[in-house]
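Let's read through a protein model together, one feature at a time. Keep the picture open beside you as we go.

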Amino acid sequence: MINLECLKVRYDRNSPVLTIDSLRINRHERVAIIGPSGAGKSTLLRSIKGYVRPDEGKVEVLGVNLRSAKRHEWRRVNRKIGLIYQQFHLVPRLTVLRNVLCGRLGYANPLRSLLGIFSDEDVNIALSAIREVGLEDILHQRADTLSGGEQQRVAVARMLAQQPSIILADEPVSSLDPVRAENILELITRVHAHHDTALIMSLHQPELAKQFAQRIIGLRNGRVIFDGACDELDNSKLQEI
Ligand code: ADP
């Protein structure tokens, strides 16, 4: 599903901020990327999404090498990768349904999506995503009238409407209080369990990674220094990250 080989990513002429010899992530895996600030967690997720182009190596995602992909191949892969950030990026004046339909834009033909016209199939997919996060009673409510927790669920439903094969969550809970952080991670991992996807989340807090992931990848200075099951990450290994 994801296969990185001999990867080097630089943002400028300086030394690489990410150097990965070999990393594979398979379907159904639930992976947490941990590491201190600046370790390269976001850069790794952005490389998988195709938002940064590595200088060297292979980034194969869903069978396509993103370094040499043609535009239509890149688009096909890109729409199968759902992203969750801590900021929800909803359109405030649009309803819950309209916001979730935005997740279908990658599938609609350009003219229809420009006019905001969606097919019955798109609407049904959006409705099913909304039901899955439990927001069916406030379908027509504007996003800017919702609580923070409800907005987060809209963002998850919009990501689900993309029918992703890979879910990337970039620091989804870094500045939240522990209860809200756990609620959101519970929602994300529940959604992952019900769909045929891989989940990769970057997390600051190792204890949340241990609680919600199956596999942990520890980064330091842009290199993988731990890759294993949660129970293999003992305190001495944790201190190295
Ligand atoms: P993390 O997500 O672990 O905090 P990042 O992937 O954001 O780490 O950053 C890794 C390194 O790349 C850091 O040294 C950071 O300063 C640098 N970096 C990140 N984004 C950019 C950018 N757009 N331009 C230049 N350097 C960047």
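**Reading the sheets and the ligand site**

Q: Where should I begin, and in what order do the strands of the four-stranded open sheet run?
A: Strands of a sheet pair through backbone hydrogen bonds, either parallel or antiparallel. In this predicted model, four strands make an open sheet in the order S2-S1-S4-S5, with antiparallel pairing.

Q: Which strands stand at the edges of that sheet?
A: Strand S2 (18-25) and S5 are at the edges, and each has a single partner strand, so one side of each is left without a neighbour in the sheet.

Q: How many bridges join S1 to S2?
A: Seven bridges join S1 to S2, and the two run antiparallel. To follow one pair by eye, start at Asn3, whose bridge partner in S2 is Arg24. Asn3 also has a bridge partner in S4, namely Glu60.

Q: And how many bridges join strand S1 to strand S4?
A: Strand S1 (residues 2-9) and strand S4 (residues 56-61) run antiparallel and are joined by five bridges. For a pair to look at, take Ile2: the partner in S4 is Val61.

Q: What joins S4 to strand S5?
A: Two bridges link S4 to strand S5 (residues 64-65), again in an antiparallel arrangement. Glu60 has Asn65 as its bridge partner in S5. The hairpin of S4 and S5 has two residues between the strands, and Leu62 there takes a positive phi near 50 degrees.

Q: Now to the other sheet. In what order do its six strands run?
A: The order is S6-S7-S8-S3-S9-S10, again an open sheet, and here the pairing is mixed. The edge strands, each pairing on one side only, are strand S6 (81-85) and strand S10 (223-229). From one strand to the next, the twist averages 15 degrees.

Q: Mixed pairing needs examples. Do strands S7 and S8 run parallel or antiparallel?
A: Strand S7 (residues 166-170) and strand S8 (residues 198-203) run parallel, joined by five bridges. One pair to find is Ile167 and its bridge partner in S8, Leu199.

Q: In which sense do S9 and S10 pair?
A: S9 and S10 pair in the antiparallel sense, over six bridges. Arg220 has Arg223 as its bridge partner in S10. Two residues sit between the strands of this hairpin, where Asn221 takes a positive phi near 45 degrees.

Q: How do I read a helix against a sheet, and which strands does helix H1 lie across?
A: Look for the strands the helix crosses, then for the angle between the directions. Helix H1 (residues 41-49) lies across strand S3 (30-34), S6, S7, S8 and strand S9 (215-220), and runs at about 150 degrees to S7. Helix H6 (residues 148-161) packs on the sheet too, touching S6 and S7, with its direction at about 170 degrees to that of S6. H1 lies across S1, S2 and S4 as well, at about 60 degrees to S2.

Q: Which residues are around the ligand?
A: For a ligand, begin with its shell of residues. The shell is made up of Tyr11, Val17, Pro36, Ser37, Gly38, Ala39, Gly40, Lys41, Ser42, Thr43 and Arg46. By type, these shell residues divide into four nonpolar, five polar and two charged.

Q: Which backbone atoms lie at what distance from an oxygen atom of the ligand?
A: A backbone N or O atom of Ala39 lies 3.1 Å from a ligand oxygen atom. A polar backbone atom of Gly38 is 2.7 Å from an oxygen atom of the ligand, and for a polar backbone atom of Ser42 the distance to a ligand oxygen is 2.8 Å. The ligand on its own has 560 Å² of accessible area, and the protein covers 59% of it.

Terms used: Residues are numbered from 1 along each chain as its sequence is written. This is a predicted model: local features need pLDDT of at least 70, side-chain atom pairs count only at pLDDT 80 or more; totals for chains, interfaces and linings use all residues. Side-chain values use heavy atoms; hydrogens and water are left out. A residue is near a molecule or strand if one of its heavy atoms lies within 4 Å of it. A polar contact is a pair of N or O atoms within 3.5 Å; within protein, one must be able to donate a hydrogen and the other to accept it, and residues adjacent in sequence count only if both atoms are side-chain atoms. Accessible areas come from the Shrake-Rupley method with a 1.4 Å probe; for residues, only the protein chains shown count as cover. Ala, Val, Leu, Ile, Met, Phe, Trp, Tyr, Cys and Pro count as nonpolar, Asp, Glu, Lys and Arg as charged, and the others, Gly among them, as polar. Two strands pair if DSSP finds at least two bridges between them. Axes are lines fitted to C-alpha atoms, for helices over the stretch in contact, and angles run from 0 to 180 degrees between N-to-C directions. Contact means heavy atoms within 4.5 Å.
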